[in-house]
Amino acid sequence: MKCVICSREAVKNGYCELHALAYRNIVKKYELWKKATGVSWKEYLSQIAKNPFTGEWAKEVAEHLAENGEEHIGT
Amino acid sequence: MKHNDDDPHIYQLLALHVLSVLDNRPRCTETFNFDIRLIFENLSFHRLTVCARMERYTLIITEKPDAAMRIACALDLNGKAKKAEDNGVPYYLAVRDKPIVVVPAIGHLYTVAEDKIGRNYYPVFNFRWVPRYMAERNAKQTRVWLETISKLARGADTYIDACDYDIEGSIIGYCILKYACGGKENVAKRMKYSTLTKEELEKAYENLLPHLDFALIEAGRTRHEVDWLYGVNLTRALTLAAKDWSGKYATISTGRVQGPTLKFLVARERAIRSFVPTPYWEVKAKVEINGEIFEAEYEREVIESRREVEEILNSCKGGNGVVENVEVKRFRQLPPTPFDVGTLQSEAYSLFGYTPRRTLDIAQRLYLDALISYPRTSSQKLPPAINYVGILKSLSLVPEYRGLAAELLAKKELKPNEGKKEDPAHPAIYPTGNLPERILEEPEKRIWDLVVRRFMAVFGEPAIRQSVKVRINVNGHRFVLRGRQTLREGWLHFYEPYVRAEEVLLPQIVEGQKLRILQVFSEDKFTKPPPRYNPGSLLRKMEETGIGTKATRADIIQTLYDRKYVRDERMVATELGFEVLDLLEKYCPSIVSIELTRSLEERMDKIQSCMEKRENVLLDAIEILKPVIEELKSKEKVIGEQLSRAIKKARVEERIVGPCPKCGTGRLMILYSRKTRKRFIGCTNYFKKRCNTAFPLPQKGVVRPLGKNCRKCGWPTVQVRFRGRRPWNLCFNPECPSKGGG
């Protein structure tokens with residue numbers, strides 16, 4: 001199976017190894033964002049997708065999650 | 001006395017040169033211990049035959065032509081060595097206690113190659129040392145070079161290896177003596193010097209080491225052989241896998257040090273590309289002191305919650321500040337340590353943006369001009385034997401250094417602030433005191449000036465600096481105001497303009513003083529990804545982890561660029577770099593293991609101190625390689641497919657110029673028209689029918705994306721290269737202000 005974002009082989013949650021790493025970071029950092037700004041998961045995804053410091057893969061995953069309306073695990 | 005008729009031409013030249021020396025110095029006939037009788041049968045130069053009965057000459061071998069010229073001139077009694085040429089190969093004739101012929105190499109003339117001919121097979125474990133022209137396509141000139149050296153060697157009775165005194169130099173000299181001079185490696189003497197100044201060269205000639213440093217040579221040979229085994233086998237495995245799958249040839253190289261170095265870059269790139277920033281805030285207060293406005297920072301530098309920031313701002317509103325305490329600390333800032341090659345490369349990168357390779361090339365040129373000492377050193381020591389006073393006196397002839405040198409010369413004692421690192425072969429890099437004999441190019445001037453000022457700075461007194469920390473209480477919240485000041489310049493004065501010492505002067509402030517707070521405000525911040533490596537920081541990382549050597553690190557970084565595994569000055573790992581490392585990690589993790597590379601490195605160092613045997617290291621290296629190669633061979637198809645895709649992607653990536661400034665979402669790319677076959681720049685969104693931005697390009701020369709934006713309009717730029725001309729950086733924005741019309 002191919003990664004939902006690029007043409008690499010998918011390893012977890014439909015993502016390749018590289019996008020899976022970005023996905024893990026996105027999920028992990030949400031707790032910090034929530035504590036800092038009280039932002040919702042959807043708003044969080046939109047903000048990190050626009051942020052100039054967000055890495056390329058993390059942006060791609062955030063956009064993909066936002067487009068597909070995926071919920072945050074645990075929300 | 002022997003009559004020698006091996007090469008009459010050299011004897012003619014030598015005899016003429018001896019005569020000219022005798023003419024100029026009639027009294028020194030006695031100093032020659034040879035009998036010279038010249039019979040000129042015909043005065044026409046071409047038909048001149050000279051019968052010289054003389055003692056055979058001393059043959060000195062150097063690493064580079066410039067060094068040969070310097071050595072010959074330094075040793076010649078008149079200081080004017082005669083240049084001769086054989087098939088375009090220069091050599092120099094000098095006369096001292098006996099005739100001397102100095103012949104240069106051009107770096108390595110021999111290399112490791114496989115026993116069998118051909119490039120399309122692996123594994124390869126049998127190798128031998130061969131002349132470079134036999135192994136490398138672009139090394140044809142080494143053939144005539146070796147022929148000349150062999151010819152000159154036949155007329156010599158004493159052999160001196162005067163190549164650079166380090167691993168590479170020792171191998172160069174050893175191979176020439178062993179193979180080109182017919183097994184003279186065991187009778188040859190070694191000339192050891194760290195600068196190409198006349199005094200040091202004369203001293204080195206008078207105090208020749210009785211034999212070559214065989215332990216150093218063994219260590220060097222092993223390093224070359226191990227690196228060759230790794231490089232040739234792994235590179236062939238990857239290259240052939242890709243070629244067999246796609247039918248197209250592209251060199252996919254890796255090696256013992258190259259793999260782990262690429263690993264650093266890819267690891268950093270992964271961290272950057274998967275980075276998710278988190279918000280934080282900084283709170284600051286504008287404080288008025290004696291009519292001046294200063295910015296004080298909140299005691300906690302980082303505040304992680306917006307609610308907390310708001311609470312602080314509300315609570316500080318309208319409040320005044322009271323100085324709780326003033327903490328003054330004085331500290332000594334020791335002078336820098338002398339330059340070893342790594343610190344010179346790092347400093348030149350941070351000051352001038354020169355890559356490590358460029359700095360080393362410039363330093364090498366300055367060394368060959370006898371302006372600085374041998375640059376490939378890991379020493380941070382400056383022994384008194386280099387004659388500090390003599391160097392400073394010579395430097396004081398340069399108006400810019402006169403005052404500084406005089407200050408140092410007035411000191412009772414000159415003691416450098418040495419670092420810990422040592423090098424048994426050479427001291428740290430220092431200026432020789434010789435002044436340029438030609439107009440230096442700007443980069444050469446900068447590096448020389450940097451070396452000179454650093455040399456003077458290491459003898460300076462420690463600088464005395466003062467830091468002031470003022471704690472201000474605003475309604476129960478503490479803010480900190482920081483100041484920094486130099487009280488005594490000490491060595492900083494000698495290292496201008498390369499000093500980076502920030503000065504923040506604060507007015508007189510006392511405890512209990514009331515201060516007017518003009519504003520308390522917050523700044524929204526985000527955590528940043530780790531910085532990308534640049535060639536300087538990557539070199540430091542390689543040094544810290546102990547991979548590669550001082551002589552090879554800069555070349556390895558360059559190879560990563562040449563192979564297109566990385567691009568740009570802030571090093572970005574490319575798709576190809578990712579794929580190559582991914583494959584190596586998947587199928588042969590030991591090859592990219594930093595621990596394994598370092599341990600091999602340590603064992604090779606032990607050969608140098610006779611604590612390890614070359615054979616053992618080689619056998620172990622082969623034992624590590626064998627299963628790796630087998631694994632790569634068994635997965636050849638999968639690897640070939642993955643690499644071929646990556647190469648294809650990399651070729652597309654190479655043509656990407658930058659983001660499209662018109663649509664903002666597409667990327668500009670160098671494309672070719674199907675109809676006209678002409679090249680142009682177009683947006684990738686054209687294929688999605690979203691953007692038809694296109695710009696013309698010159699149709700001649702090689703065009704490549706520059707990776708930099710235009711300074712005037714901010715658009716991406718390309719570089720156009722024509723053979724034999726300087727590259728031309730082109731902004732293709734027709735409305736760019738740089739075009740004059742806009």
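Helices and strands here are DSSP runs, numbered from the N terminus, with at least four residues for a helix and at least two for a strand. On that basis, chain A of this predicted model comes out with 3 helices and 2 strands. Along the sequence their order is β-β-α-α-α. The C-alpha trace of chain A spans about 35 × 25 × 20 Å along its principal axes. Its radius of gyration is 12 Å, which agrees with the value near 11 Å that a compact globule of 75 residues would have. As for packing, 33% of the 75 residues of chain A count as buried. Among the contacts in chain A with a separation of 6 or more, 36% are between residues 24 or more positions apart.

Two spots in chain A deserve a closer look. Asn13(A) sits in the loop between strand S1 (10–12) and strand S2 (15–16) of chain A, and its phi is near 50°, a positive value in a residue other than glycine. Asn13(A) has 13 other C-beta atoms within 10 Å, so it is partly exposed; the buried class would need 20 or more. Lys42(A) belongs to helix H2 (residues 41–50) of chain A. Lys42(A) also counts as partly exposed, because it has 15 C-beta neighbours inside 10 Å. Although 27 residues separate Lys42(A) from Gly69(A) in sequence, their C-alpha atoms are 7.8 Å apart in space.

Turning to chain B, there are 20 helices and 23 strands. Its C-alpha trace spans about 105 × 75 × 60 Å along the principal axes, and 40% of its 742 residues count as buried. For contacts in chain B between residues at least 6 apart in sequence, 68% join residues at least 24 apart. The domain assignment splits chain B into domain 1 (8–212), domain 2 (220–273 + 535–648), domain 3 (279–328 + 463–526), domain 4 (341–456) and domain 5 (655–739). Domains 2 and 3 are thus each written as two segments. Taken over C-alpha atoms, the centres of domain 3 and domain 4 of chain B are 40 Å apart.

Now for the nonpolar interior. The largest nonpolar core has 149 residues, and those touching the most other members are Leu59(B), Ile71(B), Ala72(B), Val101(B), Val102(B) and Ile176(B). Helix H7 (residues 214–246) of chain B supplies the largest share of this core, with 13 residues. Apart from that core lies another one, of 22 residues, whose members include Leu21(A), Tyr44(A), Ala58(A) and Ile272(B); residues from chain A and chain B are both found among them. Back in the 149-residue core, Ala72(B) can serve as an example: leaving aside neighbours within four places in sequence, Ala72(B) is in contact with Ala81(B), Tyr92(B), Ala94(B), Ile100(B) and Val102(B).

Which residues of helix H6 (residues 198–206) of chain B are buried? They are Glu200(B), Leu201(B), Ala204(B) and Tyr205(B). These residues cover an arc of only 135° around the axis, which puts them on the same side of H6(B). The spacing fits the general rule: an α-helix has 3.6 residues a turn, so residues three or four places apart point the same way. Helix H2 (65–75) of chain B is included in what covers the buried residues of H6(B).

The backbone has a few oddities too. Most residues other than glycine have a negative phi, and most peptide bonds are trans. In chain B, the peptide bond from Tyr122(B) to Pro123(B) is cis, with omega near 0°; Pro123(B) lies in the loop between strand S5 (110–114) and strand S6 (127–131) of chain B. Another cis peptide bond joins Glu496(B) and Pro497(B), with omega at about 5°. Pro497(B) is located in the loop between strand S13 (477–488) and strand S14 (514–526) of chain B. Asn87(B), for its part, has a positive phi, near 55°, and is placed in the loop between strand S2 (82–86) and strand S3 (89–95) of chain B. With 11 other C-beta atoms within 10 Å, Asn87(B) is exposed.

Finally, the interface: 15 residues of chain B are in contact with 19 residues of chain A. On the chain B side, helix H8 (residues 258–273) gives the most, with 3 residues. The residues on that side divide into 7 nonpolar, 3 polar and 5 charged.

Terms used: Residues numbered from 1 in each chain as written. Chains lettered and ligands numbered in written order. Predicted model: local features only at pLDDT ≥ 70, side-chain atom pairs only at ≥ 80, totals over all residues. Contact = placed C-beta atoms within 7 Å. Nonpolar A, V, L, I, M, F, W, Y, C, P; charged D, E, K, R; others polar. Buried ≥ 20, exposed ≤ 12 C-beta atoms within 10 Å, placed from the backbone. Arc of directions from axis to C-beta. Domains from an automatic or database assignment. Rg over C-alpha atoms; globule rule 2.2 N^0.38 Å. Core = buried A, V, L, I, M, F, W, Y, C linked by C-beta atoms within 7 Å.
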